[in-house]
Amino acid sequence: MKITNLTLTPLAAAITLLCGPVQQAHAQTATAGAQFPPTSVVVTGSRIPRASLEGPSAVVVITGEEITKQGYKNLFDALNNQAQNSGVTTGADSGNTFTPSANTISLRGLGPNHTLILLNGRRLADFPTAYEGAINFTNLANIPSSIVERVEILSGGASAVYGSDAIAGVVNIILKKRAEGIDVNLKRGTTSRGGAGDSRLQVSGGQSFDQLNTVFSLEVLDREPLWSKQRDFMAVRQGTPTNTLSRKNVNNGKYVDLGDTCSALGDLFGGSQFKNTVAKGSYCASNKVSPTYWTTQTKNRSTNLFGSANYALSPTTELFAEFLVGQNKTANNTRGPTWTSSSADNSYFFNKNTGVYEAWTKYISPEEMGGVERYNRTWDDLASSVSLGAKGDIGATGWRYEAGYSASFYKSENHVQRALANIDSFFLGPKLGVDEDGIAIYAPNQARLTQRLTPEEFNSITGQADSDDTSRNQTLSLVATGELFTLPAGPVKLATIAEAGHQRFANKPDARINQGVFNTLAKSDITEGSRRRYALGVEASVPLLADLNSTLAGRYDRYNYAGRNEGKLTYNVGAEWRPAKALLVRGNYATSFRAPDMNYIFKARGVGYYSSTTDHYRCAQAGQPIETCEFASVSPGSDYVQTGSKDLRSEKGKSYGLGAVWSPSADFDVSVDYWNIKIDDLVTNLNADNLLRDEAACRVKGDLTSPSCLDTLNRITRNPLTALNKPGEIREIRVNPINAAYQDADGIDLSARYALRTESWGKFTLKGNYSKSLSKNSRQFAGDELVDELDELSNSDWRDKLNVSLNWNLGNWSNTVFAQRFGKVPNAGQTAFLSPTTLVNLSSVYKVTPRATVSVAINNVNNRIKRDTTDGWPNYPTGNFSPVGRQIWLEFNYHFGS
């Protein structure tokens, strides 16, 4: 093709050669510059302003108004329920988890660390504690929903635009840039089944002063916990009751009868303690221990404050600054205080009085320590971010620039109750030495074991361990956008970027753990590390024909960490073809990468225990089904040892998509998109339950030599079958990150919108969004078979999701019905799939006066809770569904000012 009317300015040529900076990914209206009309917007996935939200990649938009009308509790709730978020994550509503004070999402089920979260186009500091003890992620709990203008969700790889992490997609949270007056919002919610109530106060607004424009938002939240005992279906744990008090002869494996102790202490654990007789004797037990100590929703009190200011220094230059500060206080409880004799050693001792080896056990009840909340775990979190800079025109060239600095900081203090080192002597008396095998010798009085403790006595054997975790992220950026030259079909637009960044994190456990203050011999070391990154990138929008436009982007990122340098070049291409005014056909191909998680790289030797463990091999040996197996869901679970690896390589991703959008009018549009994502060298920490399942399968079928089986068996240490105490039980599970061989996922997204406008009945708007994962293949090692995880009953991700909303606006009324259909997921016992489930929310907003509105929202109108007893307690599919039931909110909003 012959190029005519080609104009290349000296500035454009210089920027092209230097590959200089590019505009941040702010999805906001362009405010100046002759090259872009006032209606131009920057949409997530590109830095070049465009006239339409639709582009070569599908972008889902959620407005702040929709977050309220569709019944979402907060920003995280809105993102978590999007159809594209097919992965199940744990957080504040998941009971026992490593990060109960934080919430995150998993686009396409590829993990929280493969979804890049941006706030006004800028990165935030990672949450200081790794998700599931393994991967770094961004917390979504500190952004006040009142200041959210909209959220844009881009699916697929976008590293050529944003750098590392953007493999599964990008979530860009765009906050309001302008507000007049002040809005005061009060919201109070409760549940029809009790517990889990919440209150919220929001004060937001802004004002313009000539060249200065300001916006602010204050949000105060108070959420009550939900205890398992507050739901009838999990108030009692069926099956084998929890051992609350026992004395066992380790030599013969039989329990020593405790006489009438169990009946004398029968009022403990809410009056549920009783004498449980089994083949090997009797002991005190209760089937209400787990429900008593388990919060399925955390208690949380938070305060979030946001402020921004834009100052027009001149007609062509603007200064900007914004900050966000969030403070969270979180509490949860997932297990009570237990004591086992000599638990720091072999969990048994030599009884000088009886001449045999014995194991004593006591589960301390809430009545003995002054209430169940005495043993809560608590978190004090402080998150902050700030950004400032300048943007404007570059002389009369028609180009624009933005120079900015952003920094974010996160601090999380965790407070955990631990048994002190004196607990053995409290129950067993003074230690008299050790025998020839190193087993501790005591001459205990059984009365010390069977007595009722007082809160003062409990306090004398219990202390608080305090950890201090922090993370930081800083970025300097310089950006430029403009037209490079003109082709017959239109101008070629260019965007360039240069970035420099620094990240750091530190996990500092209580130093007293290693000083022998607490009842443990396991060491807990400091984990910390930092890395620097540098990047240069360029993006171009090229109109090939009047109805065909292409986009090209390339970026080079270089990371320095752990004495290593690693560079990655990524690129993407996209095309938009409009064969008719109402029809858009689009396609894209992108490469992406993710630098290894800092926790994976720098993790020191960490030890801990799982909340519960199922010993699949012993269940198989005993011929017991998982639902009734005595070795299933044993709490607390097995100990683990976790280490990092400084030899990890970056993950490499590829993605492509093809779709179409038909919009014959302003009142109707429909789109369909196919997406495909592939990841090589996937970094993952081995899953303990999967290891135990694999171990059982390997041992049962006698496969001890295949690559996967050999690796699995070497990671699980068991007590010898000849051991006096706990023969054959799991002693330790060793996990560490590795570069796995491969993973891919593909699926289809459908969306539609129809608006009906009437003179007498107002406006009706119907929206639908459906996403279906077609496959999700993976293999742990190159020699293993490729497995479709969607066919596996061990994969709890959603196979498909459908969201439908109908909004009716008439005069001062606005009413919304929002329905969510969740596709099939495996049951907890992993024996079959649960049927799809539909939940319905209702909301109604009435404008009382031009300044005041009142609204009522009901979530889960049918008060439906999905039940699942295939793996026993807690009798519902944790993670996939909520045990809360129907929720009701009353909300009042009043506007002051113009």
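## Exercises on strand 19, His114 and the overall fold

In this predicted model, three bridges connect strand 18 (residues 349-351) with strand 19, and the two strands run antiparallel.

**Exercise 1.** Work out which strands pair with strand 19, and describe how strand 18 and strand 19 are connected.

*Solution.* Begin with strand 18, where Phe350 stands opposite Tyr357 in strand 19. These two strands form a hairpin with four residues between them, and Gly355, which lies in the turn, has a positive phi of about 75°. Next, take strand 10 (residues 242-249), which pairs with strand 19 in the antiparallel sense over five bridges; here Leu245 is the residue that stands opposite Lys362. Finally, strand 17 (residues 338-340) also pairs with strand 19 in the antiparallel sense, over three bridges, and Thr338 stands opposite Tyr363.

**Exercise 2.** Determine whether the residues on the two faces of strand 19 are buried or exposed, and say what follows for the strand as a whole.

*Solution.* On one side, look at Val356, Glu358, Trp360 and Lys362, and on the other at Tyr357, Ala359, Thr361 and Tyr363; all of them are buried, and both faces are therefore covered. Counting along residues 356-363, eight of the eight are buried, so strand 19 is largely enclosed by the rest of the structure.

**Exercise 3.** Locate His114, decide whether His114 is buried or exposed, and list what surrounds it.

*Solution.* First, place His114 in the loop between helix 3 (75-80) and strand 2 (115-119). Second, compare its relative accessibility of 2% with the cut-off for burial, which is under 20%; His114 therefore counts as buried. Third, consider its contacts: leaving aside residues up to four places away in sequence, His114 touches Asp165, Ala166, Ile167, Ala168, Gly169, Arg594, Glu651, Ile679 and Leu682. Last, note that the side chains of His114 and Asn113 are joined by a polar contact of 3.4 Å.

**Exercise 4.** Assess how compact the whole protein is for its length.

*Solution.* Start from the inventory, which is 15 helices and 47 strands. The radius of gyration is 30 Å, close to the 29 Å that the globule rule gives for 898 residues, so the protein is as compact as a globular protein of that length. Its C-alpha atoms fill a box of roughly 100 × 60 × 50 Å along the principal axes, and 54% of the 898 residues count as buried. Turning to contacts between residues at least 6 apart in sequence, 70% join residues at least 24 apart. The accessible surface comes to about 36400 Å², of which 55% belongs to carbon and sulfur atoms.

Definitions and conventions. Residues are numbered from 1 along each chain as its sequence is written. This is a predicted model: local features need pLDDT of at least 70, side-chain atom pairs count only at pLDDT 80 or more; totals for chains, interfaces and linings use all residues. Side-chain values use heavy atoms; hydrogens and water are left out. Buried means under 20% relative accessible area, exposed over 50%, partly exposed in between (1.4 Å probe, protein chains only). A polar contact is a pair of N or O atoms within 3.5 Å; within protein, one must be able to donate a hydrogen and the other to accept it, and residues adjacent in sequence count only if both atoms are side-chain atoms. Contact means heavy atoms within 4.5 Å. Two strands pair if DSSP finds at least two bridges between them. The radius of gyration is taken over C-alpha atoms; the globule rule is 2.2 Å times the number of residues to the power 0.38. Accessible areas come from the Shrake-Rupley method with a 1.4 Å probe; for residues, only the protein chains shown count as cover.
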